[in-house]
Amino acid sequence: MSEHEPTEHIVSPGVYLTIILTLLVLTGVTVWAAYVNLHQFNIVVALAIATVKATLVVLFFMHAKYVPKRTQLVIFAGIFWLGLLLFMTMSDYISRVDYRGIRFPFT
Amino acid sequence: MHRTGELYGQFKTLEQQKDTATLGMWIFLVTEVMFFGGIMLAYTLNRHVYFHAFAAGSNTLSLQLGGFNTVVLLASSFTMAMAVWSAQTGKKQLISVFLTLTILLGFVFFGVKYVEYGQKFHHHLVPGKSFDIFYCVDNPTKCEDVSAEELTTEREELEKARAADPDLNAHAQLYYSAYFGMTGLHALHMVIGAGLLLWLLKNSLAGLYSPRWNTPVDMVGLYWHFVDIVWIYLFPLLYLIDRHK
């Protein structure tokens, strides 16, 4: 059983083409959405679209959909850790009161 | 050392050998996520505190150039994915074709970035002594590439931002530091990527990659797509902060 050909999953060009077209459309959508006044939700929409685009790249261009579960766990752990970094630090900042009793941002 | 697809002693199958390489590459990419994540956190905090300055700074960027570069980079990810596909299916000439296209698109990106950075130097928008966010508005003759109409809206926006944040010029430098820091580190990654692609091209022209062994193409592909993902976030974070006014 030793030296057989690798039996990796090969993603077809059709799938790649669908993904790139979706990514281009989503780029258009994110520019369009930036010109609509959604107040504080502009950034939420922009990041949501960026996250959809990044997910498509990771799953298909980077074949994460087809790699072993342990590799997927590493990817997930990385994203989770990034979430911790952002979430914990931001919660600390927005709940902080400085020595003068002024809340963040301390201006 | 030969690395042309023989099975090393510690592995049972070529598939296992390839999976191990992929796992290692992903662990490296996770460290890159942490690297860019820390920078994005610093960006987020500053943007939260100095929103007016960040919004005003963002609107001085050229959406045309930034949008064009986004399309170029996404297209280069597609050609990279196709290079990996060509290697996996044994289409030896196509590997070189797609690698060349990827490199060319990378260089188009550098070209546009060069123009963009040049404009920022020209418009006194590089953090430092001569930084002046009002430079173009105050010296329209020195910024011929910005139309009179654009300058009128820019002046209105900047006046409003200064009313809300008297220290606008100092805080806009924070935005521009984030801009140069983030796009600069992204561009550095692309320079490294372009070097790796040239190395792949050299080897693929020598006919080194096959369905049996194409690990380097696949791994550099992962790296190139990761750099693309960084840009997918940088584009809205830097160019689209406050466009709807």
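Reader: How do you know where the domains of chain A begin and end?

Author: The bounds are taken from an automatic or database domain assignment, and for chain A that assignment gives domain 1 as 10-66 and domain 2 as 68-107. Taken over C-alpha atoms, the centres of domain 1 of chain A and domain 2 of chain A are separated by 24 Å. The model is predicted, so local features need pLDDT of at least 70 and side-chain atom pairs count only at pLDDT 80 or more, while totals for chains, interfaces and linings use all residues. Residues are numbered from 1 along each chain as its sequence is written, and chains are lettered from A and ligands numbered from 1 in the order in which they are written.

Reader: What makes up chain A in terms of helices and strands?

Author: Helices (H or I, at least four residues) and strands (E, at least two) are DSSP runs numbered from the N terminus; by that criterion chain A has three helices and zero strands, in the order α-α-α from the N terminus on.

Reader: Why is chain A called more spread out than a compact globule?

Author: The radius of gyration is taken over C-alpha atoms, and the globule rule is 2.2 Å times the number of residues to the power 0.38. For the 107 residues of chain A the rule gives 13 Å, whereas the radius of gyration is 21 Å, well over that value, so chain A is more spread out than a compact globule. The C-alpha trace of chain A spans about 70 × 40 × 15 Å along its principal axes.

Reader: Why is B:Asn214 called buried?

Author: A residue is buried if 20 or more other C-beta atoms, placed from the backbone, lie within 10 Å of its own, exposed if 12 or fewer do, and partly exposed in between. B:Asn214 has 27 such atoms within 10 Å and is therefore buried. B:Asn214 lies in the loop between helix H7 (168-205) and helix H8 (215-239) of chain B. Contact requires C-beta atoms, placed from the backbone, within 7 Å; leaving aside residues up to four places away in sequence, B:Asn214 touches B:Ala87, B:Gln88 and B:Tyr209.

Reader: Which residues does the contact between the chains take?

Author: The contact takes 43 residues from chain B and 45 residues from chain A. On the side of chain B that touches chain A, helix H1 (14-49), helix H3 (63-88) and H8 each supply at least two residues, and H1(B) gives the most, with 17 residues.

Note on methods: Two residues are in contact if their C-beta atoms, placed from the backbone, lie within 7 Å.
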